[in-house]
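Here are my notes on this one, for when you have a minute. I looked at the cavities and then at how the chains relate.

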There are 2 protein chains.
Amino acid sequence: VIRTGTRAAKTSAGYDLTGLLVGSEGTLAVITELTVRLHAIPEHAVALRIAFPDVESACRTAAGAVAAGAGVTRLELMDAFIVSAVNAYSGTSYPEGPCLLVESTGSEGVVADDLELVQAIAQAEGATDIVYERSPDARARLWQARHDAAHATAAMVPGTKERATDVCVPLTEVAAAARFARTEIERLGLSAGILGHAGDGNLHIAMQVAADEMERSEELVHNVVGDALARGGTCSGEHGIGVGKIGALAQEHGDLIPLMQAIKASFDPNGIMNPGKVLPPAASNRPL
Amino acid sequence: VIRTGTRAAKTSAGYDLTGLLVGSEGTLAVITELTVRLHAIPEHAVALRIAFPDVESACRTAAGAVAAGAGVTRLELMDAFIVSAVNAYSGTSYPEGPCLLVESTGSEGVVADDLELVQAIAQAEGATDIVYERSPDARARLWQARHDAAHATAAMVPGTKERATDVCVPLTEVAAAARFARTEIERLGLSAGILGHAGDGNLHIAMQVAADEMERSEELVHNVVGDALARGGTCSGEHGIGVGKIGALAQEHGDLIPLMQAIKASFDPNGIMNPGKVLPPAASNRPL
């Protein structure tokens, strides 16, 4: 049993083993206890729901808001497929096209300034509808609907299996990456929606895959990953590698695999920690 | 030559080798190229200079401002010793007692709200002087003076050698940690000032050490580190381990040293990367 980190906000005491363990998907250690930092609940929060004519203008608005320094705390994208699924599942009646969900928190002045800036950028990008959700109820309904998006898409196409993937690209590339994903979804004839944390450049694709569509869904993931890497991005922003993206990790960071394997061998010399995940089999268990 | 990271804002592609290399003090690899993210220059910035009757009330104000969610971008502490040195070196005439230097950036409303909150907390803590530095010139002078603090203290006591140390503690402990450091400085009869990034709980001690004071300065560092660890903090917030804090690292993270040594052996099997720094000699170079 080891303990990494301290209660201080930062440290430069030795190598950052906390950061190494976070995201290691159980392949280095089992985390049995963790301490999280709490932040004050903001005194004021307002959400904006903005409809756009296409996914690209929504993405450009998100990227523009971040570049302009708008201090928004949520900046979420849903495309038409996802909004339709959400409406059907959650009983909402949001306009069934691409949208951004934005939230700003803080003092009243901070929130007003932030959202005014986002609104101006959205209008310049041709936003078709801008709705302020000010009441706690309306905000709670909005974020619940967003949180339920995965369940909503799963319920949308009966007889299919849910499959999800995510990539993350530089903010300047997020509109083009979303367009590429949408074009590929249509070319492959798949039922899939794009959502994600647009302010991070993090795109998720939620697919509903029928038995005869498994290969095409694999092709979609492969092509979307290849596109993200070509744009200077990463094969996963949040979901990780698991089994399905071991090849993608090698494609992205082939030069790092031997070092990762050596670290794995140091922490887990017997290969008992979530074996077969994240890394391809090592040629040997010895360090480089 | 390896390349870690991507241009995306986040990634979950394998182990975080970028985080592992940052702060490894040249013991794992030599960084030959790095890419940094740029942020927009804020449209508006105002600095506050607040004088306090003692270091503790300054620290409590910093901790209170962070806990209350004030989004300030700088929150710096200088004690009376440092302010005197700064005045002598930079030709400023700031009141020669403990002070906080605070800066907020963003839209005009954001900045006004943030600083009003900090001011209210400072007043409740008995602040004796609160000065807004609004003009770019006055702000530049203030931050230049703060940046020159190390040179200023070095120039203060002729015939001495400069020695610096830093610790980082939880925000709730920063006032007590500063009081402990000040008491120890006086008990040991040393010429030293306390400054630091109070909003992070990160305290720096700048000592001017005469030839016959080396042992006492060592005792000060040892005791301040022990105090920080007892408060749930870390032996270094920023400066790192080098040679001087190898013992402190073992005191803080003794259970992690074998893992750090194994990682070191994986990256640097021949022990040629900044040898003798950060880690005590390994019993063997083989992984655990």
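**Cavities and symmetry**

1. The second largest cavity has a volume of about 30 Å³, the volume being the space filled by probe spheres set on grid points joined across faces, edges and corners. A cavity here is a set of points on a 1 Å grid over the protein atoms alone where a 1.4 Å probe fits but cannot get out, and lining residues have an atom within 4 Å of a point. This is a predicted model, where local features need pLDDT of at least 70, side-chain atom pairs count only at pLDDT 80 or more, and totals for chains, interfaces and linings use all residues. Residues are numbered from 1 along each chain as its sequence is written, chains are lettered from A and ligands numbered from 1 in the order written, and side-chain values use heavy atoms, without hydrogens and water.

2. Among the residues lining that second cavity are Val167(B), Leu203(B) and Asp227(B). Helix 8 of chain B gives the most, three residues; helices are DSSP runs of H or I, at least four residues, and strands are runs of E, at least two, numbered from the N terminus.

3. The largest cavity holds about 40 Å³. Its lining includes Arg49(B), Tyr94(B) and Asp129(B), and strand 1 of chain B contributes the most, with three residues.

4. Now the symmetry: chain B lies on chain A with an RMSD of 0.0 Å after a turn of 180 degrees and a shift of 0.0 Å along the axis, superposed by least squares on C-alpha atoms of residues with pLDDT of at least 70 in both. That is the relation of a two-fold axis. In chain B, Val110(B) comes closest to the rotation axis, at 2.3 Å (C-alpha).

Note on methods: On a 1 Å grid over the protein atoms alone, a cavity is a set of points where a 1.4 Å probe fits but cannot get out, and a pocket is an open set with protein on both sides within 12 Å along at least five of seven lines; lining residues have an atom within 4 Å of a point.
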